[in-house]
Amino acid sequence: MEDHLQTIQQAQSTAIDLAIHFGPKLLVALLILLAGFYVGRWIGHATDRMLVKLGLDETVRRLLVRIVRLLVLGMFLIMALQNLGVELLPLIAGLGVAGAGIALAMQGVLGNLAAGLTIVFTRPFQVGEYISIVDEEGLVEEIRLFNTVLSHPDRSRVVIPNRKIVGEILHNYGSLRQLDITVGVAYDTDIRHALATVRDILAGNNRILNEPEPVIRVLALADSSVNIGIRPWVAAPDFMAASSEITQSVLETFRERGIVIPFPQREVRLLGG
């Protein structure tokens, strides 16, 4: 029992000695880290304001601001460790060995990071543009270091790892998309009247843009009809709605004005008896 009490007393004495010796240093180290957090945030805001004046892209700006904050916080972390009496050279060597092992174990994550940096600085697309890649398409909502987020027309979100983007064929529509609607009219139709009717339909739809000018032309002389191509431009988010509205308007207006949309026809002749 006495040995047990002596052990407890020795532990208490050791704890008190450590608190007296390292307590003030630990408190100062925490204060240094706290100061580093606020200084990093302040310098980050100042850097952001400077980069805004330079007109840099928002994604690049965010990345540079984060790097600046991490560098400032890293400097204050070194100061805090030095205050605690930590030897930095052995620590750096240990971190280097550990970092090599972590890099091998996280090749996919690091590949996404490298691809994210490539996207940020080469800028094949920007936030707000409509893109199609790896069998997915959508409006770019956010470009992160590890993935890119698209908003899909069905109101879902598509998250694509950046390594799946770099090196693939990318279709960047920008902020506009072009409808591609084809309608057939009978061969005895006044084609000028049909084209003028299509122009009236497009002019009456608020989603259709005047610039670039809509493309309306005769595409082909098909088996049963004369095919007219209707290719106006709309804002990327309006693509699906505008396509449906124009198709419905063409059908209704052609019926009202007596323009026939013929059914496919095939004439069969029986020869012999």
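Over how many bridges do strand 8 and strand 9 pair, and in which sense? Strand 8 and strand 9 pair over 6 bridges, in the antiparallel sense. The tour returns to this pair after a look at confidence.

**Colour by confidence**

The model is predicted, so colour the chain by pLDDT before selecting anything. The mean pLDDT of the chain is 81, and 80% of its residues reach 70 or more. Select residues 88-105: this is helix 3, whose mean pLDDT of 59 is the lowest among the elements of the chain. Then select residues 226-231: this is strand 9, which has the highest mean, 95.

**The sheet of 3 strands**

Stay on strand 9 and add its neighbours. The open sheet has 3 strands in the order 7-9-8, and the pairing is antiparallel. Its edge strands are strand 7, residues 181-185, and strand 8, residues 215-221, and each of them pairs on one side only. From one strand to the next, the twist averages 25 degrees.

Now pick Ala220 and show its bridge partner in strand 9, which is Asn227.

Next, display the helices that pack on this sheet. Helix 5 touches strand 7, strand 8 and strand 9, and the direction of helix 5 makes about 25 degrees with that of strand 9. Helix 6 packs on the sheet too, touching strand 7 and strand 9. The direction of helix 6 makes about 10 degrees with that of strand 7.

**Helix 5 against helix 6**

Hide the strands and keep residues 191-203, which are helix 5, and residues 239-256, which are helix 6. Two packed helices are described by the angle between their axes and by the distance between the axes. Here the angle is about 130 degrees and the axes lie 10 Å apart. Because of that angle, helix 5 is oblique to helix 6. The crossing in which helix 5 passes helix 6 is right-handed.

For the contact itself, show side chains on both helices:

- On helix 5, select Ala194, Thr197, Val198, Ile201 and Leu202.
- On helix 6, select Ile246, Ser249, Val250, Thr253 and Phe254, which the helix 5 residues meet.

Coloured by residue class, the contact of helix 5 with helix 6 divides into 7 nonpolar residues, 3 polar and no charged.

**The sheet of 5 strands**

Move to the other sheet. This open sheet of 5 strands runs in the order 4-3-2-1-5, with antiparallel pairing. Strand 4, residues 157-161, and strand 5, residues 171-174, are the edge strands, each pairing on one side only. Neighbouring strands of this sheet are turned against each other by 40 degrees on average, direction ignored.

Which strands pair with strand 1? Select residues 130-133 for strand 1 and residues 136-143 for strand 2; the two pair in the antiparallel sense over 4 bridges. Along this pair, Tyr130 stands opposite Leu139 in strand 2, and Ser132 stands opposite Glu137 in strand 2. The hairpin of strand 1 and strand 2 has 2 residues between the strands. Select Val134 in this hairpin and check its backbone: phi is positive, near 40 degrees.

Strand 1 also pairs with strand 5, in the antiparallel sense and over 3 bridges. As a last selection, take Ile131 and find its bridge partner in strand 5, which is Asn172.

Notes: Residues numbered from 1 in each chain as written. Heavy atoms only, no water. Pairing = 2+ DSSP bridges. Axes fitted to C-alpha atoms, helices over the stretch in contact; angles between N-to-C directions. pLDDT = per-residue confidence, 0-100. Parallel < 35°, antiparallel > 145°, perpendicular 65-115°, else oblique. Left-handed = near helix turned anticlockwise from the far one by under 90°. Contact = heavy atoms within 4.5 Å. Nonpolar A, V, L, I, M, F, W, Y, C, P; charged D, E, K, R; others polar.
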